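This report goes through one structure by region, with a table of solvent accessibility for selected residues.

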Amino acid sequence: MANFNTHLNVAFMVSGTLSLTVYKAGLIDDSGFLVCVALGTIGGLLPDLDSDNSTPIKLGFNITSFIFAFGLVMHWRSELSLLALIALWLAGYGFMRYVVFSIFTNMTVHRGVIHSVPYMAIMGLGMTYVSYDILNLPLTASWFYGLFLFGGAMVHLALDELYSVNLSNMRMKRSSGTAMKFYQPKDKWWYLLLYTLLAILVYFAPPFDAFWQQLRDPAPWAQLKVGIVPELIKSLLR
Ligand SMILES: [Zn+2]
């Protein structure tokens, strides 16, 4: 297993590079670029939520609950009265912090369920939902946010996989394929729950086709190609 700093650095580098790429292609704006880097980095730390170090976890829970409550208030800011908004704020925060996350904490008892591909796919899709349906952000940005969170988590699982191969050459055969988890027989009910939830989320997900069409549009990538080499170097080569 790779350590915290390795995860942090690699996730930051990978999400930074990819965010810059989609930013230079004109697919996300300035703030979208920053959010993608942040989400990719957070994603890179997410699978180890079940590690023993609990302070960053609690901090993460609090921040996420806060963002969720903030999103709710932003969504209904013009329709509701001040008192209703304060109530919504508190209720949203309490629900996330003490209901949703207590379920998560329960899951962490079953070590490994969080450290899996389907769990992270749920987190990524959840991010897209929050961004698109609650925060009312544009479709493209919403999908990128979800994908960056999920991508960061996949970088984490790949790193763990890589390290388990490198550090224990002798046990390579036995240990490979344990980090990139899709299913484990001992947690079959948890996985059933995860895949059911994932199926529901996929079914009701914000439209993916429009996002995909935009990714397949050659124009942004052509723009990227033009902007890949600094102008200075180009003028020197001439
Ligand atoms: Zn890990």
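The model is predicted. Asn136 lies in the loop between helix 5 and helix 6. Its phi is near 55°, a positive value in a residue other than glycine. A positive phi of about 80° is also taken by Gly26, just after helix 1.

**Helix 1**

Helix 1 covers residues 4-24. For its 21 residues, a rise of 1.5 Å a residue gives an expected span of 30 Å, and the end C-alpha atoms are 30 Å apart, so the two values agree. The N-terminal end of helix 1 is capped by Asn3, which places a side-chain oxygen 3.2 Å from the backbone nitrogen of Asn5. The buried residues in helix 1 are Thr6, His7, Ala11, Ser15, Gly16, Ser19 and Val22.

Ser15, in helix 1, has a relative accessible area of 3% and is therefore buried, the limit being under 20%. A polar atom of the Ser15 side chain lies 3.4 Å from the backbone oxygen of Val37. Apart from neighbours within four places in sequence, Ser15 is in contact with Cys36, Val37, Gly40, Thr41 and Phe148.

**Nonpolar core**

In soluble globular proteins, nonpolar side chains tend to be buried together. Here the largest nonpolar core has 45 residues, of which Phe104, Tyr119, Met120, Met123 and Phe144 touch the most other members. Two or more residues each are given to this core by helix 2 (30-45), helix 3 (55-75), helix 4 (82-109), helix 5 (117-134), helix 6 (139-167) and helix 8 (188-203). Helix 6 supplies the largest share, 10 residues. Not counting residues up to four places away in sequence, Phe104 touches Phe61, Ile114, Tyr119 and Met123.

**Zinc site**

Which residues coordinate the zinc ion? The donors are Asp48 (OD), His115 (NE2), His156 (NE2) and Asp160 (OD), at 2.0 to 2.3 Å. Along the sequence, the donor residues follow the spacing D-x66-H-x40-H-x3-D. Asp48, in the loop between helix 2 and helix 3, and His115, in the loop between helix 4 and helix 5, are 67 residues apart, and the pair links distant parts of the chain.

The angles subtended by the four donor atoms run from 83 to 171°. A tetrahedral arrangement would need all angles between 85 and 135 degrees, so this range does not fit that class. The arrangement is irregular.

**Accessibility of selected residues**

The table lists residues from the zinc site and from elsewhere in the chain.

| Residue | Relative accessible area | Class |
|---|---|---|
| Ser15 | 3% | buried |
| Asp48 | 25% | partly exposed |
| Phe70 | 38% | partly exposed |
| His115 | 7% | buried |
| Ser142 | 0% | buried |

Of the zinc donors in the table, Asp48 is partly exposed, whereas His115 is buried. Ser142 is found in helix 6. With residues up to four places away in sequence left out, Ser142 touches Thr128, Ser131, Tyr132 and Leu137.

Phe70 lies in helix 3. At 38%, the relative accessible area of Phe70 is between the 20% and 50% limits, so Phe70 is classed as partly exposed. The C-alpha atoms of Phe70 and Gly92 are 8.4 Å apart, while the two residues are 22 residues apart in sequence.

Technical notes
Residues are numbered from 1 along each chain as its sequence is written. This is a predicted model: local features need pLDDT of at least 70, side-chain atom pairs count only at pLDDT 80 or more; totals for chains, interfaces and linings use all residues. Side-chain values use heavy atoms; hydrogens and water are left out. Helices (H or I, at least four residues) and strands (E, at least two) are DSSP runs, numbered from the N terminus. The expected span of a helix is 1.5 Å times one less than its number of residues. Buried means under 20% relative accessible area, exposed over 50%, partly exposed in between (1.4 Å probe, protein chains only). A polar contact is a pair of N or O atoms within 3.5 Å; within protein, one must be able to donate a hydrogen and the other to accept it, and residues adjacent in sequence count only if both atoms are side-chain atoms. A nonpolar core is a set of buried Ala, Val, Leu, Ile, Met, Phe, Trp, Tyr and Cys residues joined through side-chain atoms within 4.5 Å. Contact means heavy atoms within 4.5 Å. Donors are N, O and S atoms within 2.8 Å of the metal (3.2 Å for Na, K and Ca); water is not among the atoms, so sites may look incomplete. Four donors count as tetrahedral if all angles lie between 85 and 135 degrees; four count as square planar and six as octahedral if opposite donors are over 155 degrees apart and all others between 65 and 115; anything else is irregular.
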